[in-house]
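Dear colleague,

I am handing over the structure we spoke about, and it is shown just below. After it I set out what was found, beginning with one residue and working outwards from there.

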Amino acid sequence: MASKTEDPTSLTVAAQKKELEEEESATAGAPGTGDEDTGAQVAPIIKLQEVAVTTGEENEDVLLDLKAKLYRFDREGNQWKERGVGTVKLLKHKETGKVRLVMRQSKTLKICANHLVLPSISLQEHHGNDKSCVWHAADFADGELKEETFAIRFASVGDCKAFKEKITEVAESVDNKAGESEEATTTADLLEKLSVSSKDQGEKHEGKVASAALEKKDADEKLENPADDYVLV
């Protein structure tokens, strides 16, 4: 009966396969080769310090906060140019009581409008659009004071109405305070003049009384010493 002979090629493949399996098992069991948590803490190369960010609005109370799109009228090009989309606020200073309008762009937070709300401000509807309005102001958004014509557009009629009503309310309040201040100053000046006039009259009266008293004293002294009136020759 003929004996079976094994193929040497198949033996070689089997041996290589067995060696690979042994290497994989050895590698899997080796320490530090898996995703095990060793508990080691790695210190950061650069330490970042917290920096306090100020907006300049810390000492102000928010009277109004609405989302809108702002435009500026370019006189040279005779056209409207978009200034930015963001949040428009009315801020009242806690100490001075002054109210300013500030608007920042949503993404960059760049200031696109920054001016005081004065009694002279006047808002008008923009070309029959009840969602937008136009006004003039001395603006300081670019770091220098210059006259600008702004147009603002809101998402709803209600927002635009609230904006106009609040601006008008603040402007009237500032105007009343200015009138009261002027009246108080005038009254104070008048009282000061009256006080000075009374003081002058009092001083004149006191001077007359002192002069009369001095004259009476001299007359009394002459009566007591009549010899003083004669001159020896």
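Lysine 89 counts as partly exposed, because its relative accessibility is 21%, and the limit under which a residue is called buried is 20%. Please keep in mind throughout that this is a predicted model.

Lysine 89 forms a salt bridge with glutamate 57, and the closest N and O atoms of the two are 3.5 Å apart. The pair links distant parts of the chain, since lysine 89 belongs to strand β2 (residues 79–93) whereas glutamate 57 sits in the loop between α1 and β1, 32 residues apart. Unlike its partner, glutamate 57 is buried, because its relative accessible area is 14%, which is under the 20% limit.

Glutamate 57 also meets the side chain of arginine 104 in a salt bridge, with 3.3 Å from N to O. Arginine 104 lies in strand β3 (residues 99–105) and glutamate 57 in the loop between α1 and β1, so this pair ties together parts that are 47 residues apart in sequence.

A further salt bridge joins glutamate 148 and lysine 146, whose closest N and O atoms are 3.7 Å apart. Glutamate 148 is buried, with a relative accessible area of 3%, while lysine 146, at 31% relative accessibility, counts as partly exposed. Both residues belong to one network, in which salt bridges that share partners join Arg72, Arg83, Asp142, Lys146 and Glu148. Over the whole model the count comes to nine salt bridges.

Which residues does serine 132 touch, once its neighbours within four places in sequence are left aside? Serine 132 is in contact with Glu125, His126, Ile152, Arg153 and Cys160. This serine has its place in strand β6 (residues 129–139), and it counts as buried because its relative accessibility is 3%.

On the surface, two patches may be worth finding in the viewer. One is a patch of negative charge, in which Glu19, Glu21, Glu22 and Glu23 gather; of these, glutamate 19 is placed in helix α1 (residues 8–29). The other is a nonpolar patch of about 450 Å², made by Ile45, Ile46 and Leu48. Isoleucine 45 has its place in the loop between α1 and β1 (60–74), and at 86% relative accessibility it counts as exposed, because the limit for that term is over 50%.

As for the chain as a whole, its secondary structure comes to two helices and seven strands, and from the N terminus on the elements run α-β-β-β-β-β-β-β-α. Of the 233 residues of the chain, 19% count as buried, among them being glutamate 57, serine 132 and glutamate 148. The accessible surface of the chain comes to about 18,500 Å², and 53% of that area belongs to carbon and sulfur atoms. Among contacts between residues at least 6 apart in sequence, 48% join residues that are at least 24 apart.

With best wishes

Note on methods: Residues are numbered from 1 along each chain as its sequence is written. This is a predicted model: local features need pLDDT of at least 70, side-chain atom pairs count only at pLDDT 80 or more; totals for chains, interfaces and linings use all residues. Side-chain values use heavy atoms; hydrogens and water are left out. Patches are made of residues with over 30% relative accessible area and no salt bridge: like charges are joined within 9 Å, nonpolar side chains (Val, Leu, Ile, Met, Phe, Trp, Tyr) within 5 Å. Accessible areas come from the Shrake-Rupley method with a 1.4 Å probe; for residues, only the protein chains shown count as cover. A salt bridge is a side-chain nitrogen of Lys or Arg within 4 Å of a carboxyl oxygen of Asp or Glu. Lys and Arg count as positive and Asp and Glu as negative; His and the chain ends are not counted. The place of a charge is taken as NZ of Lys, CZ of Arg, CG of Asp or CD of Glu. Helices (H or I, at least four residues) and strands (E, at least two) are DSSP runs, numbered from the N terminus. Buried means under 20% relative accessible area, exposed over 50%, partly exposed in between (1.4 Å probe, protein chains only). Contact means heavy atoms within 4.5 Å.
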